[in-house]
Amino acid sequence: MERDSMEFDVVIVGAGPSGLAAAIRIRQLDPGVSVCVVEKGSEVGAHILSGAVLEPRALNELIPDWKDRGAPLNTPATKDRFLLLGPAGAIRLPTPPQMRNHGNYIISLGLLCRWLAEQAEALGAEIYPGFAAAEVLYHDDGTVKGIATGDMGLMRDGTPGPNHQPGMELHAKYTLFAEGCRGHLTKGLEQRFDLRAKGPEGGPADPQTYGIGLKELWEVRPENHRPGEILHTIGWPLDYKTYGGSFVYHLENNQVALGFVVGLDYQNPYLSPYDEMQRFKTHPAIAPTLEGGRRISYGARALNEGGYQSVPGLSFPGGCLIGCTAGFLNTPKIKGSHTAMKTGMLAAEAAVAALKSGADPAEGLPAYTQSVKDSWVWRELYTARNMRPYFHWGMWIGLLLGAIDTFLFFGHAPWTLKNRADHSALKKAKDCKPIDYPKPDGKLTFDKLSSVQLAGTFHEEEQPCHLTLKDDTVPMAVNWAEYAGPEARFCPAGVYEYVEVDGETKFQINGQNCIHCKTCDIKDPTQNINWVTPQGGEGPNYPNM
Ligand SMILES: Cc1cc2nc3c(=O)[nH]c(=O)nc-3n(C[C@H](O)[C@H](O)[C@H](O)COP(=O)(O)OP(=O)(O)OC[C@H]3O[C@@H](n4cnc5c(N)ncnc54)[C@H](O)[C@@H]3O)c2cc1C
Ligand code: SF4
């Protein structure tokens, strides 16, 4: 069956803050430029999971009257606290300058994206939720021609089923990839155009590095709710060699967003980020806030940590990368929404100028790369660039060197440390100690499956599995034999299991549970797992994460 096609000036893949800011900026600059945004979630915001404390700098630039237009920024940050946790107590540390939030807002990024989508549509952008961009299309000369959305109704073996509907081709002069952290099409583009060989500064980009962020949304007792309060912690339950920490943000309506981030360069294959988060909630500095409350949502998503030195080449023939798919998150701030929006706006400006001047799309958008380098985004990432790598030497040295870098060099130390690929950090099981996690109590701590239910995730069973293996024998022969099956622990949704069948251990993938966090694609020690998009509209259904 042949695919239908539609023509646009600009196609944007992903309706997160970067993609939506780009769509808005394009239509603000030139209402004659046709823009289409495709989003794999069932609706805008359904796949968005963030903290989130928003630094409103980019939003102020994009929509200066956002307050009058009813943007969902209702909780100004009022108080910052930073705690070092030990097993039984906590020490208050001075809040590092990067973590001070005066002037910022505690928000639901999902709700902000829904509002941004309304603004984009009011300006005439076309937004299609429920459509996953599954394939990049190319002209004969290798220039990106657009994308194709995935087929619906394929059988497990990939053959068309009774309800088969072929995907659509969306052609554009410029395609902006805004897939967020570890974009699946971006991964292919990086290889095809060798984007890591030449970063924005002209030299090779380091490998991207990541963390997994797990988040729960709680409705707490009114007496435990302090709207605007922001707490960050480091230390327990993680050991001092493992990078990570938590956030606790008091939103509106008695809601508290509680998150736990673990750097994916952790070494012990027995570590389970999910169980670390469950343990964290039992700490005496945290549990009292939650006691008597109700957990209303759960989810997880990878986030970039590589920063400045890991940003790949941004522009290529026919398109560019914007937001977290290019890795613009500021790690010490744990913030990337503002940089995602700003880079989306800069790409929009470059695309509109290129369309106006009649430039050849095969030349890409070099003006975008230059404007990123001239912007506050690049200056911000530059001064933050060594903070995460200092923690390669563990938490204590990381804190010390981070303080020296911040207060002595103001982020301008005469060195730039390297990043290394996360999956290569995992040690063999024989060299590590198993970790004994406590059983969930059903009040503060929960098992994975009941958590996944709160993510509202759904995948049609009858379709090719979207967790693809390059080699089916590797999970048993390598991951199980040498690493004690780490994917069963690093997946926050119980997708990967090693089960006993008739006295034999077998590897099993429960693809329906996937919440699209992308951790397996990053941390699999042999890089054998390749996450691809399932049918459009499937995956988690986050109401306001
Ligand atoms: C736990 C956690 C806490 C965070 N806390 C903060 C914070 O407090 N403040 C802050 O500023 N930032 C925070 N961040 C980072 C912030 O969420 C990101 O920087 C931001 O969401 C990046 O925006 P984006 O548009 O690049 O990508 P995303 O927000 O990830 O959006 C990408 C969109 O594209 C869609 N998509 C992806 N691939 C496809 C495809 N092939 N086809 C169709 N659609 C596709 C996705 O479904 C998604 O809707 C946090 C992140 C995490 C994980
Ligand atoms: S299968 Fe992979 S992408 Fe899906 S939830 Fe598990 S780790 Fe995340």
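This is a short chat about ligand 1 and the cavities in a predicted model.

Me: I'm new to this one, so which residues are closest to ligand 1, and how many surround it?
Reply: In this predicted model, ligand 1 is surrounded by 37 residues, and the closest of them are Ser 18, Glu 39, Ser 50, Val 53 and Cys 324.

Me: Which side-chain atoms lie by an oxygen of the ligand, say for Glu 39 and Ser 50?
Reply: For Glu 39, an N or O atom in the side chain is 2.6 Å from an oxygen atom of ligand 1, while for Ser 50 a polar side-chain atom lies 2.7 Å from an oxygen atom of the ligand.

Me: And what about Cys 324, is it backbone or side chain there?
Reply: With Cys 324 the atom is a backbone N or O, and it lies 2.8 Å from an oxygen atom of ligand 1.

Me: How much of ligand 1 does the protein bury?
Reply: Ligand 1 exposes 990 Å² when taken alone, and the protein buries 97% of that area.

Me: Where does ligand 1 sit, then?
Reply: Ligand 1 sits in the largest cavity, and the elements that give two or more residues to the shell around the ligand are α1 (17-29), β2 (35-39), β16 (244-250), β18 (294-304) and α7 (337-357).

Me: What classes of residue make up that shell?
Reply: The shell around ligand 1 has 20 nonpolar residues, together with 12 polar and 5 charged ones.

Me: Switching to the cavities, how many of 30 Å³ or more are there, and how much space lies in the largest?
Reply: There are 3 cavities of 30 Å³ or more in the structure, and the largest cavity holds about 880 Å³ of space.

Me: Which residues come closest to the centre of the largest cavity?
Reply: The largest cavity is lined by 50 residues, of which Leu 49, Leu 109, Gly 180, Cys 181 and Arg 301 are the closest to its centre. Among the elements that give two or more residues to this lining are β3 (53-54) and β14 (210-219), and by class the lining has 26 nonpolar, 15 polar and 9 charged residues.

Me: What about the second largest cavity, how much space lies in it, and which residues line it?
Reply: About 70 Å³ of space lies in the second largest cavity, and its lining includes Leu 467, Cys 491, Pro 492, Tyr 496, His 516 and Lys 518. The residues of that lining divide into 10 nonpolar, 1 polar and 1 charged.

Notes:
Residues numbered from 1 in each chain as written. Chains lettered and ligands numbered in written order. Predicted model: local features only at pLDDT ≥ 70, side-chain atom pairs only at ≥ 80, totals over all residues. Heavy atoms only, no water. Near = heavy atom within 4 Å. Polar contact = N/O pair within 3.5 Å; in protein donor to acceptor, adjacent residues only side chain to side chain. Areas by Shrake-Rupley, 256 points an atom, 1.4 Å probe, with all protein chains shown as cover. 1 Å grid on protein atoms, 1.4 Å probe; cavity = no way out; pocket = protein on both sides within 12 Å on 5 of 7 lines; lining within 4 Å. Sits in = over half its atoms within 2 Å of the grid points. Helix = DSSP H or I, 4+ residues; strand = E, 2+ residues; numbered from the N terminus. Nonpolar A, V, L, I, M, F, W, Y, C, P; charged D, E, K, R; others polar. Points joined across faces, edges and corners; volume = space filled by probe spheres on them.
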